[in-house]
Amino acid sequence: MNATYEIKPESVHCPKGANTGNYKDFAPPRDFVGYGDQAPTNPWPNGAKIAVSFVLNYEEGAEHTVWNGDEHSESYLHENHYHRDAVRGGRDLFVESGFEYGIRAGLPRLYKLFKKFGWNFTIWACGRAFEVTGDYPKLLADEGHEIACHGQRWLSYSSFTGLDDEARAVRLGFKNLQKATGKSDVPTAWFGGSRSMAHRHVRAKVHKEMGVPLLYCSDTYADDIPYYVPSPLAMDGDKDEGLLMVPYSLTNNDHRFMVGGGAGTGAPNEWFELLQADFDYLYEEGKNGSPKMMTIAMHNRILGKPARSRALKRFMEYISEKPDVWVTTRAEIAHHWRETFPYEKVGPTVKVRQEQTI
């Protein structure tokens, strides 16, 4: 396995403010109703009472660092971020080593755990991270773990010079994910987090341009089950085939080990109890006729630490003993939802009657 890499800055950017791709802001009307009291009563296969989605954020190697051509080191979501400022104009080897741990030790630990249970997870993969982490991307893809996109780099949209530059980064992410996995049908979808208002349109256009089906988007926290919004491509005159939104979670997310101000958790047992309580409530709702999905968000460098992995293992053991639990990837959830509730029949989930400009 190739284990060392040289600095390879992304020095080519598009002109500031350029938008030759005619990318547009995409913001459907706000929807405070959703399904209301008409949520699907049997959405999952074989009568499952809950769908459980594990998501692995694969960001190591794509973080801010002079090694990647950035002006400063990473200041977010590492073990010492609460009091260690970013280093400007130089590398922070302390912080870099924490990210390296995620692949060197954390990923193998998580990989072996899921292999033991025979479960696949969805990967929010940064293109640069897949580019510099050896054979792991191909191994994970070959074993059936879903490859979705988390951007070329782990950056906010403010790092781009404009929408053409944002699209350039999306294309580069596609190419790196495909090269690292040897698969031409990835990424299946994306979760961006901090992106521009036009990003959904940018993404949809690049998927079309690259000939890779866009199965869903997870840039939402708005529900406990998937829902549709109109396709961004409809703004270009294409047929509206809908954009399936598969909600993500900041609640059942191991980033809670890294945040303060009363929102975090320190002990692994606390995180297990949070997952257990969330699962139990959703599972009970499913048994009462309203099945939902549960997302557990993981990071190699965070949950891959031994004590935290133990909490994850305990939770996996707990739900494995329950009947009618569908542990699956988000791609499988999206495929099933599209087949069971096709957009051409159900249309957008939005039920607002009057758009408001806020």
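A pocket, as the word is used here, is an open set of grid points with protein on both sides within 12 Å along at least five of seven lines, and its lining residues have an atom within 4 Å of a point. With that in mind, the tour goes through a predicted model, beginning with one such pocket and moving on to packed helices and two backbone details.

**The second largest pocket**

Select Thr188, Val212, Pro213, Leu214 and Leu215, which, among the 27 residues lining the second largest pocket, lie nearest its centre. The space in this pocket amounts to about 610 Å³, and the elements that give two or more residues to its lining are β3 (146-149), α5 (199-210) and α9 (330-340). If you colour the lining by residue class, you will find twelve nonpolar residues, seven polar ones and eight charged ones.

**A cis peptide bond**

Now select Val186 and Pro187, where the peptide bond from the former to the latter is cis, with omega near 5 degrees. Pro187 belongs to the loop that runs between α4 (163-181) and β4 (189-190).

**α4 against α5**

Show α4 and α5 together next, since α5 has already appeared in the lining of the pocket. The axes of these two helices are 10 Å apart and the packing angle is about 45 degrees; angles under 35 degrees would count as roughly parallel and 65 to 115 as roughly perpendicular, so α4 and α5 are oblique to each other. The crossing of α4 past α5 is right-handed. To display the contact, select Glu166, Ala167, Val170, Arg171, Phe174 and Lys175 on the α4 side, and His199, Val202, Arg203, Val206, His207, Glu209 and Met210 on the α5 side. Those contact residues comprise six nonpolar, two polar and five charged.

**α8 with α1 and with α6**

Select helix α8 (residues 306-320) and add helix α1 (residues 93-117), whose axis is 11 Å from that of α8, at a packing angle of about 15 degrees. The two helices are therefore roughly parallel to each other, and their crossing is right-handed. From α1, the residues Tyr101, Arg109, Leu110, Leu113, Phe114, Lys116 and Phe117 meet Pro306, Ser309, Leu312, Lys313, Met316, Glu317 and Ser320 of α8. By class, this contact holds eight nonpolar, two polar and four charged residues.

Keep α8 on screen and bring in helix α6 (residues 268-287), whose axis comes within 8 Å of the α8 axis and crosses it at roughly 25 degrees, which makes α6 roughly parallel to α8. Here too α6 passes α8 in a right-handed crossing. On the α6 side, select Pro268, Asn269, Trp271, Phe272, Leu275, Gln276, Phe279 and Asp280, and on the α8 side Ala307, Arg308, Arg310, Ala311, Leu312, Arg314, Phe315, Tyr318 and Ile319. The residues of this contact divide into eleven nonpolar, two polar and four charged. Leu312 deserves a moment in the viewer, as this residue of α8 is listed in the contact with α1 and also in the contact with α6.

**A last stop at Asn22**

Finally, move to Asn22, in the segment before β1 (50-58), and inspect its backbone. What is phi of Asn22 near? The angle is near 55 degrees, a positive value in a residue other than glycine.

Conventions:
Residues numbered from 1 in each chain as written. Predicted model: local features only at pLDDT ≥ 70, side-chain atom pairs only at ≥ 80, totals over all residues. Heavy atoms only, no water. 1 Å grid on protein atoms, 1.4 Å probe; cavity = no way out; pocket = protein on both sides within 12 Å on 5 of 7 lines; lining within 4 Å. Points joined across faces, edges and corners; volume = space filled by probe spheres on them. Helix = DSSP H or I, 4+ residues; strand = E, 2+ residues; numbered from the N terminus. Nonpolar A, V, L, I, M, F, W, Y, C, P; charged D, E, K, R; others polar. Axes fitted to C-alpha atoms, helices over the stretch in contact; angles between N-to-C directions. Parallel < 35°, antiparallel > 145°, perpendicular 65-115°, else oblique. Left-handed = near helix turned anticlockwise from the far one by under 90°. Contact = heavy atoms within 4.5 Å.
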